[in-house]
Amino acid sequence: MTEQQPVPLTKTAPAPAPGAPAPSAELRASDADRDRIADILREALAEGRLDPEEHAERIDATYRAKTVGELEPLVRDLPAAEAAGLAAGLPPGPAPAPGPGAGGRGPQGARALPATDNLVAVFGGAMRKGRWRVRRTTNVLALFGGVEIDLTEALFEQREIVINVSAVFGGVEIKVPENVTVSGGGAGVFGGFDIKGYDAPDPDAPVVVVRGFALFGGVEATRKRGKRLKNLRSY
């Protein structure tokens with residue numbers, strides 16, 4: 001007579017079926033996920049909810065994160081996280097509906113680009129120069145690295161563009177044509193934030209707004225002598 005094995009009184013959780021989706025917190029984070037978190041952190045810095053040191057620490061953790069679960073705690077205490085669908089560790093929701101002209105054709109027949117561009121230099125370098133189309137907003141992070149943005153030959157498709165800069169032990173250099181208006185400002189904490197403002201004679205000239213902060217780093221925006229936009233109303 002064989003002895004019966006005791007029946008366990010507790011139930012074990014069934015193993016996930018092959019091909020079943022992983023819990024949201026375990027999903028691998030995409031570049032778009034990290035950029036969305038970085039946008040929330042930049043907004044919190046601008047509103048005074050984070051000081052420059054806290055912002056720098058969280059930005060560093062953002063671009064080192066591998067999963068959505070690692071990103072969520074970085075914005076858990078910020079009100080913008082709920083609006084972004086990240087307060088409960090969920091991946092970002094669908095992108096907002098495109099505005100008028102989105103996905104259409106630009107003034108030169110090229111397909112319209114997303115409104116935001118991101119430049120990240122972490123222990124390295126990043127650059128935009130030559131003939132390129134400037135987005136409405138450009139977010140820049142220089143963390144132990146350097147970023148160069150050269151607008152002297154760029155295509156302006158909006159009258160005003162905004163460049164949000166975070167330089168932490170890094171540097172950001174921005175060059176603009178001499179007939180473009182330059183404005184903005186930021187904070188330098190053991191670093192420099194040097195924006196040489198200028199009002200172009202033409203009231204319809206494009207406007208470049210630079211803002212952000214430099215922590216043990218430097219940010220500089222200057223007009224390039226001899227470099228001028230040929231058609232100020234190309235946007």
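This tour moves through the structure in a series of selections and states what is found at each stop.

**Before starting**

The structure is a predicted model, in which local features need pLDDT of at least 70 and side-chain atom pairs count only at pLDDT 80 or more, while totals for chains, interfaces and linings use all residues. Residues are numbered from 1 along each chain as its sequence is written, and side-chain values use heavy atoms, with hydrogens and water left out.

**The whole chain**

Begin with the entire chain in a ribbon view. The chain has 4 helices and 12 strands. Helices (H or I, at least four residues) and strands (E, at least two) are DSSP runs, numbered from the N terminus. Of the 235 residues in the chain, 39% are buried. Here buried means under 20% relative accessible area, exposed means over 50%, and partly exposed lies in between (1.4 Å probe, protein chains only).

Next, display the surface. The accessible surface of the chain comes to about 13500 Å², and carbon and sulfur atoms account for 53% of that surface. Such areas come from the Shrake-Rupley method with a 1.4 Å probe; for residues, only the protein chains shown count as cover. Contacts (heavy atoms within 4.5 Å) can also be sorted by sequence separation: among those between residues at least 6 apart in sequence, 64% join residues at least 24 apart.

**Helix 2**

Select residues 52–64, which form helix 2. Which residues does Ala56 touch, not counting residues up to four places away in sequence? They are Val168 and Leu215. Ala56 lies in helix 2 and counts as buried because its relative accessible area is 10%. Add Leu143 to the selection: its C-alpha atom is separated by 8.6 Å from that of Ala56, although the two residues are 87 residues apart along the chain.

Now select Arg64, also in helix 2. Arg64 is exposed because its relative accessibility is 53%. Measuring from C-alpha to C-alpha, the viewer should give 9.0 Å between Arg64 and Arg34, which are 30 residues apart in sequence.

Finally, select Asp51, Glu53, Glu54 and Glu57, which form a negative surface patch. Patches consist of residues with over 30% relative accessible area and no salt bridge; like charges are joined within 9 Å, and nonpolar side chains (Val, Leu, Ile, Met, Phe, Trp, Tyr) within 5 Å. Lys and Arg count as positive and Asp and Glu as negative, whereas His and the chain ends are not counted. Each charge is placed at NZ of Lys, CZ of Arg, CG of Asp or CD of Glu. Glu54, at 31% relative accessible area, is partly exposed.

**Strand 4 and a salt bridge beside it**

Select Thr138 in strand 4 (residues 137–143). Is Thr138 buried or exposed? Thr138 counts as buried, because its relative accessibility is 4%. Not counting residues up to four places away in sequence, Thr138 touches Asp117, Leu119, Ile149, Val162, Ile163 and Asn164.

Keep Asp117 and add Arg128. These two form a salt bridge, with the closest N and O atoms 3.1 Å apart. The pair links strand 1 (residues 116–122), which holds Asp117, to strand 2 (residues 125–128), which holds Arg128. A salt bridge is a side-chain nitrogen of Lys or Arg within 4 Å of a carboxyl oxygen of Asp or Glu, and the count by this rule is 8. Asp117 is buried at 7% relative accessibility, whereas Arg128 is partly exposed at 26%.

**Two further salt bridges**

Select Glu148 and Lys175, whose closest N and O atoms are 3.6 Å apart in a salt bridge. This pair joins strand 5 (residues 146–150) to strand 8 (residues 171–177), across 27 residues. Both partners are buried, Glu148 at 18% and Lys175 at 16%.

Then select Lys196 and Glu220, which form a salt bridge with closest N and O atoms 3.9 Å apart. Lys196 lies in the loop between strand 10 and strand 11 (207–215) and Glu220 in strand 12 (residues 218–224), so the pair ties together parts that are 24 residues apart in sequence. Add Asp194 to complete the picture: salt bridges that share partners join Asp194, Lys196 and Glu220 into one network.

**A nonpolar patch**

For the last stop, select Val120, Val122, Phe123, Phe144, Phe169, Phe190 and Phe216. Together these residues make a nonpolar surface patch of about 730 Å². Phe190 is found in the loop between strand 9 (181–189) and strand 10 (192–195). Phe190 is exposed because its relative accessible area is 68%.
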